[in-house]
Amino acid sequence: MSNYTYSTIILAAGQGTRMKSPLPKVMHKIAEVPMIEYVINTAKKLNLSEFTVVSRSDAIILNDFLEENQVNTSYQNQQLGTAHAVKCGLKNLNLESDATLILYGDTPLISEETILKASEVLFADEKNAVVVFAFEYLESNQYGRLECQKDNVIKIIEFRDLEDKQIDKLTICNAGIMLVRSNIIKKCIEKVEPNNSKGEYYLTDIVEIANNEGFTSKYILGEFEEFLGVNSQKELANVNKIVQERIKNRFLDSGVSIIDPQNTYISYDANIEPNVTIYPFNFIGKNSVIRSGSIINSFSHIEGAYIGENSIVGPFARIRPGTKLTEEVHVGSFVETKKAKLNKGAKANHLAYLGDIEIGEKTNIGAGTIICNYDGFNKHKSVIGNDVFVGSNSTIISPVEIANGSFIAAGSVVSKNVEEEALVVTRAEEKHYAGKARIIKKRKSEEVKR
């Protein structure tokens with residue numbers, strides 16, 4: 001970590017109209033996490049003195065998120081440009097830091113390493129006032145360009161203000177992110193004027209302003225991927241793809257076997273141990289933990305769950321939040337769990353709903369078993385003990401306790417507590433009527449003819 005201290009402003013007040021969504025742009029998720037959370041987490045890795053996020057007062061979902069995470073928030077209710085947004089953020093900062101970092105809430109891939117590299121450039125000479133983050137990209141694009149003399153930035157020209165001859169000549173592109181000495185940023189921002197085709201206050205103008213004040217402006221080059229912004233659903237999908245690749249490569253390097261990475265989705269905060277095998281077409285969502293030796297078969301959906309050692313999940317299993325499979329547990333095809341704890345060796349191999357339930361060791365849950373945990377008003381919990389056999393198509397009406405070693409016959413409805421090693425059979429009397437099927441078929445045939 002750098003010895004320099006930082007004040008950080010994250011700009012997130014844009015309308016995001018190209019997303020074509022009522023959700024604030026920066027709250028769209030990448031690997032199950034709002035994209036702005038990536039930027040906030042990067043800022044927090046620095047020797048952070050203070051930071052604020054510039055939002056709009058009507059961006060309720062974003063503002064609620066910032067409040068829940070105790071993030072200092074500033075408001076830019078008039079969209080007058082990036083310099084105006086920074087000015088709104090500066091009102092909430094003391095600027096007792098060495099440098100002020102300006103980040104964007106829709107540019108989630110920026111790394112701590114690149115920021116620290118910019119700090120070294122900024123403080124290499126006391127005359128350096130601004131460091132512009134940039135990349136060299138020779139293909140056609142609509143990024144602003146840096147006009148440089150050697151390693152000094154003379155000015156930044158927005159793409160819409162470029163002349164045709166400048167587009168091919170100037171190949172160093174502006175990434176938007178800047179690092180500015182904290183003792184001069186306010187003075188520079190105050191001097192920005194709306195002298196451009198849109199009549200906005202451009203942050204990029206502080207380069208010329210700082211130069212005119214006798215300082216110098218520098219730039220650092222980074223990878224294009226690191227500065228990718230998200231302005232549309234297509235760009236969001238592209239960044240999601242990059243983040244997914246990073247996540248899965250990290251797990252592959254650690255010893256997780258992901259059979260088909262391209263067809264596996266893993267959340268940003270998933271915790272997967274080495275020696276886990278993940279087959280194709282799985283979704284592993286937020287707050288998921290999968291311990292060593294477990295196998296996740298295809299088409300399973302896991303979220304907010306703990307999968308213990310040597311367990312088997314799926315195919316086609318839905319493991320919902322609050323589920324805990326302790327170890328050597330099998331949850332198979334078309335089984336759904338919610339707030340369910342299955343202890344060592346328990347099995348529910350197919351076609352069951354297990355909600356608000358604790359299931360003991362080596363207990364077997366038969367196909368078609370339903371835990372009726374909701375009475376229309378409240379959820380209720382049941383407990384099934386060790387070595388219990390629950391026959392197929394059984395219905396457990398919570399709250400009940402089924403003691404160790406008991407046996408629930410197929411098709412039973414259990415609404416009372418069951419004693420240890422008891423046999424439960426709740427079934428209507430089976431009656432056979434000889435020849436009646438022939439009469440029923442004849443009547444149906446006559447109705448069809450009519």
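Which residues form a nonpolar patch on the surface? In this predicted model, the patch is made up of Phe281, Phe299, Phe316, Phe334 and Leu351. Together, these side chains offer about 520 Å² of accessible area. A good place to start looking is Phe334, which sits in strand 24, spanning residues 330–342. Phe334 has a relative accessible area of 51%, and because exposed means over 50%, Phe334 counts as exposed.

From the surface, the account moves on to the pockets. Rolling a probe the size of a water molecule over the atoms shows where empty space is left. The largest pocket has a volume of about 1,700 Å³. Its lining involves 47 residues, and those closest to the centre are Arg18, Lys25, Tyr104, Asp106 and Asn231. Helix 3 (82–90), strand 10 (172–181) and helix 8 (233–254) are the elements that each give two or more residues to this lining. By residue type, the lining of the largest pocket comprises 19 nonpolar, 18 polar and 10 charged residues.

The second largest pocket has a volume of about 320 Å³. Here 15 residues form the lining, with Tyr38, Lys45, Pro108, Arg246 and Tyr268 closest to the centre of the pocket. Two or more lining residues come from each of helix 1 (35–44), helix 4 (112–122) and helix 8. Of these elements, helix 8 supplies the largest share, namely four residues. Seven nonpolar, three polar and five charged residues make up the lining of this second largest pocket. Readers following the chain may like to note that helix 8 is listed for the largest pocket and again for the second largest pocket.

The backbone also holds a few details that reward a careful look. A cis peptide bond runs from Gly314 to Pro315, with omega near 5°. Pro315 belongs to the loop that links strand 21 (312–313) and strand 22 (318–319). Another cis peptide bond joins Ser398 to Pro399, where omega is about 5°. Pro399 is likewise in a loop, between strand 30 (395–397) and strand 31 (401–402).

Positive phi values are a further point of interest. Gln70, a residue other than glycine, has a phi near 55°. Gln70 lies in the loop between helix 2 (60–68) and strand 5 (73–75), and its relative accessibility of 75% makes it exposed. Lys150, also not a glycine, has a positive phi of about 55°. The loop between strand 8 (145–149) and strand 9 (152–157) contains Lys150, which counts as exposed at 81% relative accessibility.

How values were computed:
Residues numbered from 1 in each chain as written. Predicted model: local features only at pLDDT ≥ 70, side-chain atom pairs only at ≥ 80, totals over all residues. Heavy atoms only, no water. Patch = residues over 30% accessible without salt bridge, like charges linked within 9 Å, V, L, I, M, F, W, Y side chains within 5 Å. Areas by Shrake-Rupley, 256 points an atom, 1.4 Å probe, with all protein chains shown as cover. Salt bridge = Lys/Arg side-chain N within 4 Å of Asp/Glu carboxyl O. Buried < 20%, exposed > 50% of the residue type's maximum accessible area, 1.4 Å probe, protein only. 1 Å grid on protein atoms, 1.4 Å probe; cavity = no way out; pocket = protein on both sides within 12 Å on 5 of 7 lines; lining within 4 Å. Points joined across faces, edges and corners; volume = space filled by probe spheres on them. Nonpolar A, V, L, I, M, F, W, Y, C, P; charged D, E, K, R; others polar.
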